[in-house]
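Me: I would like a close look at a single part of this predicted model. Please take one helix and describe its packing against its neighbours in one connected account.

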Amino acid sequence: METESPTPDPRWRKRARRALERYFAKRSAPRSILSLLLILTGFAGLVVSFALLRAGLFAMWIRYPIAVLASYGVFIGLLRLWLEFERSRFNPRPGEIEEEASIPAETSASNSYHTRSRDRGWFDFFDLPGAFDADEGCVIALLVGVVIGLISLAVFAILSAQALLAEVFLDAFIVSVLYRRLRIAAEGGWLGTALRRTWLLALLTAALLSLAGWCLEAITPGARSIGPALERFLRDDGQKSRHP
C-alpha cells in the first residue's frame, strides 16, 4: 500500500529562497558576477545602438530604448549561463538547504520527476521546463536626474543579486535537490521568474535612456549619439562663458 508523502509547510518556498541566498553569499560572488553581466549587457546595447545608427535610425530617444530591449535578451541569455555555472558547482552539505527551509526529506519513487516529464522542444534550454520646446536649464536638470536614476537602477540591481539568483535558481534547478523528494508540482520555470524579477528594471532603463536621448537632442539639435552631443554641448557652453 502506497504511503502518502507529508505535506510541506506552505512557507517552504520563502524559506528555501532565504537558505539559497545564504548559500550563495557564502560560496559565490553574486554581486560581482551580476556586475560583469551588466557590463556585458551594456556592451551589447552599444553594439545594437551602433548597428541601428548605421542603419539610419538617428533619433536617440527611439534608438536607445530599442537597444536596451535587445540587450535585455542578451542579459537573459547570460543569466542562463550563470545559472548553469552555479549549477555545476552547487554542492550544499547534506540537508543544508532542506533543514534551513524546514522541508521534509522523505523520498517517493512513484512521482519523483513527474513535473518534468513533458515533451521537450527547442526551447528547453531557455526553460528546462526633437520635439518639444523647453528651457535649456530645465532640460539639463532633467538630464542630470536621468543619469542619477540610471545609476540608482544599476546599484539596486547589483545589491539584489543574491535574491535574484536564489529566486531564479529555486525555479531552475531546485527540482534536482528538493522536488524529486516531494510530491510537489513545480510552479512555472526559471524564465518566467527571471522576467518577473527584472522586466521592470529593464523597462525603467529603456524609459530613462529614451528621456536622456530626447534631452540631448533638445539641447544639441542634430546630434546622433551621446558622445558628440556632450562634446558639442560642452564646446558651446565654453564659448558662451568666454563671450557672454
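Reply: What follows is an account of helix α6 and the helices it packs against, with a word on the largest pocket at the end.

The model is predicted, and the description of helix α6, residues 161-172, may begin with its contact with helix α7, residues 190-219, where the two pack at an angle of about 155° with their axes 8 Å apart. Because angles over 145 degrees count as roughly antiparallel, α6 is described as roughly antiparallel to α7. The crossing in which α6 passes α7 is right-handed. On the α6 side the contact is formed by A163, L164, E167, V168, D171 and A172, which meet W190, T193, A194, R196, R197 and T198 of α7. These contact residues divide into six nonpolar, two polar and four charged.

Helix α1, residues 12-27, is another partner, and its axis comes within 8 Å of that of α6, the two crossing at roughly 125°. The pair α1 and α6 is therefore oblique, and α1 passes α6 in a right-handed crossing. From α1 the contact draws on W12, R13, A16, R17, L20, E21, F24 and A25, while α6 contributes Q162, A163, L165, A166, E167, F169, L170 and D171. By class, this contact of α1 with α6 holds 10 nonpolar residues, one polar and five charged.

The contact with α3 has another geometry, in that α3 and α6 pack at an angle of about 75° with their axes 11 Å apart, and they are therefore roughly perpendicular to each other. Here F75, W82, L83, E86 and R87 of α3 make contact with A161, L164, L165, V168, F169 and A172 of α6. The residues of the contact of α3 with α6 are nine nonpolar and two charged, with no polar residue.

Two of these partners, α3 and α7, also appear in the lining of the largest pocket, to which α2, α3, α5, α7 and α8 each supply at least two residues. About 1,200 Å³ of space lies in this largest pocket, and among the 40 residues that line it, G42, V68, L150, T205 and L209 are the closest to its centre. The largest share of the lining, 11 residues, comes from α2. By class, the lining of the largest pocket comprises 28 nonpolar, 10 polar and two charged residues.

Terms used: Residues are numbered from 1 along each chain as its sequence is written. This is a predicted model: local features need pLDDT of at least 70, side-chain atom pairs count only at pLDDT 80 or more; totals for chains, interfaces and linings use all residues. Side-chain values use heavy atoms; hydrogens and water are left out. Axes are lines fitted to C-alpha atoms, for helices over the stretch in contact, and angles run from 0 to 180 degrees between N-to-C directions. Helices (H or I, at least four residues) and strands (E, at least two) are DSSP runs, numbered from the N terminus. Angles under 35 degrees count as roughly parallel, over 145 as roughly antiparallel, 65 to 115 as roughly perpendicular and the rest as oblique. A crossing is left-handed if the near helix is turned anticlockwise from the far one by less than a right angle, and right-handed if clockwise. Contact means heavy atoms within 4.5 Å. Ala, Val, Leu, Ile, Met, Phe, Trp, Tyr, Cys and Pro count as nonpolar, Asp, Glu, Lys and Arg as charged, and the others, Gly among them, as polar. On a 1 Å grid over the protein atoms alone, a cavity is a set of points where a 1.4 Å probe fits but cannot get out, and a pocket is an open set with protein on both sides within 12 Å along at least five of seven lines; lining residues have an atom within 4 Å of a point. Grid points are joined across faces, edges and corners, and a volume is the space filled by probe spheres set on the points.
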